[in-house]
Amino acid sequence: MSDIKSPVNSQDEIPQKLPEFQEMEIEVPDDPEKIPKEKHKKRSPSFKRAFLILVCLGFQIWLWIPTIPTSTLKYSVGGSGDWYDFSRFLLETFEDASPGSTGKMAEFIPEKWPLGETQYYIHYYGYCRKSEKKPTVCHKSSDNPLKRIVYDIGTVLAQEMETTKMNQNHIALSWEKAMGSALDKARKAVKEIPDAARFLNGTQQREIKESTIGIIKEFDWDFWNDPTQILIVSTVFFWFGTIFLLVRHFLFTFMGFLILILGNLPALIYASAIRGKSSGMFVKTHYLGHTMICVAIEVMVIVAMFCWTEREDEKIS
């Protein structure tokens, strides 16, 4: 018999048939965060635009509120004087124009201003008093800037003279009326001096100092009327521009941005055109708070417009 080896039925030596799997193509991005980031990028310009417009709206409302940052003028006292010295200076000015117009008002003014170094910040619709010894206070008012300061000086004077609120208000109003009466008499005296009197009737008119005439003219400055109209126009333009932006149409959106940019320009130009002045004891300086807020609104609207154009470019691509 020949040596024939029988086949080994070992399980290890029998090749196993691999199970068949169905081939599936799965696209795995190189960066797993790629898809969320793309979606976020697509929403980003629209979100930025809405956020910037809302901030502009807040700034536009803020412009109507009397605060130091939204003020356009700052009044201070020159030299080493204080606001009581300024009050005495005003009384001397009125006496120069109309002798006897101030009566005995100077006797009621204390020697030293109790609030330390103090500045007045003038807003279109109010004023703020910032001093060393008391917190900053802001009040609504549509009067001429110097009239607002005169009234506030009266309130400080009243707080030194009386303790009850009712008596303080009475003294402050009495002070304001007395100052107003003296101002009216001085203003009338200035107007009644004819320029050609010495040539027409040969009489020498009493001369009034140029500084006196300058102070009286400062009281006649209509600070409230013009900016009110400008701010109303700017605010109306802003609301119309915002409404246009809500319409999802290229033309309306473009017009909305254009209205926002152009509508804010009158308030910006007017605030920038205000100039300072020194007259007698007080120093009037142009405060840039209101102007800078208008500039910020313009910049944010332009940035929001670029965000919108970026969004439109993504749609096209």
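In this predicted model, strand E2 sends its side chains in two directions: Thr118, Tyr120 and Ile122 point one way, Gln119, Tyr121 and His123 point the other way, and all of them are buried. This fits a general pattern, since side chains in a regular strand alternate between the two faces of the sheet. With six of its six residues buried, E2 is largely enclosed by the rest of the structure.

E2 (118-123) belongs to an open sheet of six strands, which line up in the order E4-E3-E2-E1-E6-E5 with antiparallel pairing. At the edges stand strand E4 (137-140) and strand E5 (277-279); each has a single partner strand, so one side of each has no neighbour in the sheet. Going from one strand to the next, the twist averages 20 degrees.

Working through the pairings gives a feel for how the sheet is put together. On one side, E2 pairs with E1 in the antiparallel sense over three bridges, and here Leu73 has Ile122 of E2 as its bridge partner. On the other side, E2 and E3 pair, again antiparallel, over six bridges. Gln119, one of the buried residues of E2, stands opposite Lys130 in E3. The link between E2 and E3 is a hairpin that passes through two residues. Another hairpin, this one through five residues, takes the chain from E3 to E4. These two strands run antiparallel and are joined by four bridges, with Tyr127 standing opposite His139 in E4. Back at E1 (residues 73-77), five bridges make the antiparallel connection to E6, where the bridge partner of Tyr75 is Lys284.

Helices lie across this sheet. H3 lies across E1, E2, E3, E4 and E6, and runs at about 50 degrees to E3. H6 lies across E1, E5 and E6, at about 125 degrees to E5.

Both of these helices also connect to the sheet through salt bridges. As a general matter, side chains of opposite charge can pair when their charged atoms come close. For H3, the pair is Arg129 and Asp152, whose side chains meet in a salt bridge at 2.8 Å, N to O. Arg129 lies in strand E3 (residues 126-131) and Asp152 in helix H3 (residues 145-161), so the salt bridge ties together parts that are 23 residues apart in sequence. Both partners are buried. For H6, the pair is Glu218 and Lys284, with the closest N and O atoms 2.9 Å apart. This one links distant parts of the chain, as Glu218 sits in helix H6 (residues 210-219) and Lys284 in strand E6 (residues 282-286), 66 residues apart. Here too, Glu218 and Lys284 are buried. Lys284 thus turns up in two roles, as the bridge partner of Tyr75 and as the salt-bridge partner of Glu218.

The structure holds five salt bridges. Asp184, Arg187 and Asp220 are linked in a network of them. Another joins the side chains of Asp85 and Arg88, at 2.9 Å from N to O. That pair stays inside one element: Asp85 and Arg88 both lie in helix H2, three residues apart, or about one turn of the helix. Asp85 is partly exposed, with a relative accessible area of 23%.

Helix H2 is also a big part of the story of the largest nonpolar core. This core has 60 residues, and the members touching the most others are Tyr75, Trp83, Phe86 and Ile153. H2 (residues 83-97) gives the most to the core, contributing eight residues. Ile153 shows how the pieces come together: leaving aside neighbours within four places in sequence, Ile153 is in contact with Trp83, Tyr84, Phe86, Ser87, Trp113, Tyr120 and Trp175. Among these contacts is Tyr120, which was met above as one of the buried residues of E2.

Finally, the UniProt record, an unreviewed entry, lists residues 47-65, 228-247, 254-275 and 287-308 under "transmembrane region". In the model, residues 228-247 are 95% helix and 0% strand, and their end C-alpha atoms lie 30 Å apart. Residues 287-308 are 91% helix and 0% strand, with 34 Å between the end C-alpha atoms.

Technical notes: Residues are numbered from 1 along each chain as its sequence is written. This is a predicted model: local features need pLDDT of at least 70, side-chain atom pairs count only at pLDDT 80 or more; totals for chains, interfaces and linings use all residues. Side-chain values use heavy atoms; hydrogens and water are left out. A nonpolar core is a set of buried Ala, Val, Leu, Ile, Met, Phe, Trp, Tyr and Cys residues joined through side-chain atoms within 4.5 Å. Buried means under 20% relative accessible area, exposed over 50%, partly exposed in between (1.4 Å probe, protein chains only). Contact means heavy atoms within 4.5 Å. A salt bridge is a side-chain nitrogen of Lys or Arg within 4 Å of a carboxyl oxygen of Asp or Glu. Two strands pair if DSSP finds at least two bridges between them. Axes are lines fitted to C-alpha atoms, for helices over the stretch in contact, and angles run from 0 to 180 degrees between N-to-C directions. UniProt positions are given in the numbering used here, feature names are shortened, and annotations may be inferred rather than shown by experiment.
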